[in-house]
Amino acid sequence: MGKMTGKVALISGGAEGIGGTVAELFVAEGGSVMLGDLQLEKAKAHAAKLGPNADAVQLDVRNLEQWEAAVAATLARFGKLTTLCNIAGISEPGNTVDVDLDSWHRHIDINLTGSFYGCRAAIPALAASGENATIVNVGSMLAHRASGNMAAYCASKAGVTHLTKTVALDCAERGLKIRANTVHPGAIRTPMYGRYLNAGGATPEQIEAVMASAHPMGRVGEPDEVARAILFLSCEDSSFTSGTDLNVDGASAIRS
């Protein structure tokens with residue numbers, strides 16, 4: 001039996017990157033997954049590769065009605081919902097004075113409000129499963145150690161961190177069998193990371209060296225390293241863990 005046998009997960013940002021890798025791992029561990037993503041065709045293609053225990057649904061995380069529809073689609077397809085993974089997000093540079101205001105609002109709407117909407121829509125279904133259920137939200141190493149040139153991203157991910165803690169406390173205090181935790185990745189080799197590598201101003205090799213230097217371990221992380229942390233927090237291995245922050249950042253959060 002796998003670690004996710006009998007579990008059903010709704011994964012935002014499930015078409016690629018960390019979300020896509022989490023979906024692969026969950027299915028390999030016996031679970032079923034609904035991939036929610038704006039890139040519906042890409043999500044459908046990924047679900048098709050994963051087999052009959054995977055499906056996909058259109059999901060703009062900024063839209064509560066689409067979240068509610070995604071939860072309903074998961075219940076219709078798999079009969080229950082036991083696991084929510086809020087992984088969809090954006091990352092764009094900009095300091096407080098110069099950040100584009102549209103960029104500020106996109107970060108708050110996608111990273112923070114999107115995670116809030118996901119929890120709001122999923123908690124009733126998670127509770128109705130009658131099983132030990134989990135929520136894993138994705139923060140960032142920059143939620144712990146702010147960057148002067150990432151105002152919107154840092155603020156949104158710091159908000160996700162405390163949102164998760166409030167959800168964990170609320171569920172525990174109401175006697176719901178729902179745990180909520182946050183995984184904080186460092187720089188991870190995903191399509192989002194690839195856009196930074198090709199942003200110009202330096203060669204991809206030079207940019208990678210700068211990114212790697214932010215981690216005391218001296219390298220960039222891989223999606224499967226984050227996915228394994230999310231798996232741990234989504235399965236019974238972490239049955240007494242809620243409201244915690246799990247850093248997958250090459251020791252970045254504690255660097256001097």
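## The loop before α1

Alanine 15 sits in the loop between β1 (8-12) and α1. The model is predicted. Alanine 15 is buried, because its relative accessible area is 7% and buried means under 20%. Its C-alpha atom lies 8.1 Å from that of alanine 47, and the two residues are 32 apart in sequence.

Which residues is alanine 15 in contact with, leaving aside its neighbours within four places in sequence? They are Gly20, Asp37, Gln39, Lys42, Ala43 and His46.

## Glycine 20 in α1

Glycine 20 is a residue of helix α1. Its relative accessible area is 3%, and glycine 20 is buried. Neighbours within four places in sequence aside, glycine 20 is in contact with Gly13, Gly14, Ala15 and His46. Ala15 thus appears in the contacts of glycine 20, and Gly20 in those of alanine 15. His46 is listed for glycine 20 and also for alanine 15.

Glycine 20 can also be placed against aspartate 224. The two residues are 204 apart along the chain, and their C-alpha atoms are separated by 9.8 Å. Asp224 belongs to the α8 side of the contact between α1 and α8.

## Packing of α1 and α8

Helix α1 covers residues 17-28 and helix α8 covers residues 223-234. Their axes are 9 Å apart, and the helices pack at an angle of about 55°. Are α1 and α8 parallel, perpendicular or oblique to each other? Angles under 35 degrees count as roughly parallel, and 65 to 115 as roughly perpendicular. α1 and α8 are therefore oblique. Their crossing is right-handed.

From α1, the contact is made by Gly17, Ile18, Thr21, Val22, Leu25 and Phe26. From α8 come Pro223, Asp224, Val226, Ala227, Arg228, Ile230, Leu231 and Ser234. By class, the contact has nine nonpolar, three polar and two charged residues.

## Packing of α3 and α4

Helix α3 (residues 64-78) and helix α4 (residues 101-128) form another crossing. Their axes come within 9 Å and cross at roughly 35°. How is the crossing of α3 and α4 handed, left or right? The crossing is right-handed.

On α3, the contact involves Leu64, Trp67, Glu68, Val71 and Leu75. On α4, it involves Gly114, Tyr117, Gly118, Arg120, Ala121, Ala122 and Ala125. These residues divide into eight nonpolar, two polar and two charged.

## An aromatic pair and histidine 105

The count of aromatic pairs comes to one. What are the distance of the centres and the angle of the planes for phenylalanine 116 and tyrosine 117? The ring centres are 5.9 Å apart and the planes stand at 45°, so the pair is tilted. Planes under 30 degrees apart would count as stacked, and over 60 as edge-to-face. Phenylalanine 116 is partly exposed, with a relative accessible area of 36%. Tyr117 is also one of the α4 residues in the contact with α3.

Histidine 105 lies in helix α4. Its relative accessibility is 47%, and histidine 105 counts as partly exposed. Between histidine 105 and alanine 152, the C-alpha separation is 8.0 Å, with their positions 47 residues apart along the chain counted as the distance apart.

## Asparagine 181 in β6

Asparagine 181 is part of strand β6 (residues 178-185). Is asparagine 181 buried or exposed? Asparagine 181 is buried, with a relative accessible area of 0%. Not counting residues up to four places away in sequence, asparagine 181 touches Ile135, Val136, Asn137, Thr164, Leu233, Thr241, Ser242, Gly243 and Thr244.

Asparagine 181 and serine 234 are 53 residues apart along the chain. Their C-alpha atoms are separated by 9.0 Å. Ser234 is one of the α8 residues in the contact with α1.

## Alanine 251 after β7

Alanine 251 falls in the segment after β7 (245-248). Its phi is near 75°, a positive value in a residue other than glycine. Alanine 251 is partly exposed, with a relative accessible area of 31%.

Methods. Residues numbered from 1 in each chain as written. Predicted model: local features only at pLDDT ≥ 70, side-chain atom pairs only at ≥ 80, totals over all residues. Heavy atoms only, no water. Phe/Tyr/Trp six-rings, centres within 6.5 Å; stacked < 30°, edge-to-face > 60°. Buried < 20%, exposed > 50% of the residue type's maximum accessible area, 1.4 Å probe, protein only. Axes fitted to C-alpha atoms, helices over the stretch in contact; angles between N-to-C directions. Helix = DSSP H or I, 4+ residues; strand = E, 2+ residues; numbered from the N terminus. Parallel < 35°, antiparallel > 145°, perpendicular 65-115°, else oblique. Left-handed = near helix turned anticlockwise from the far one by under 90°. Contact = heavy atoms within 4.5 Å. Nonpolar A, V, L, I, M, F, W, Y, C, P; charged D, E, K, R; others polar.
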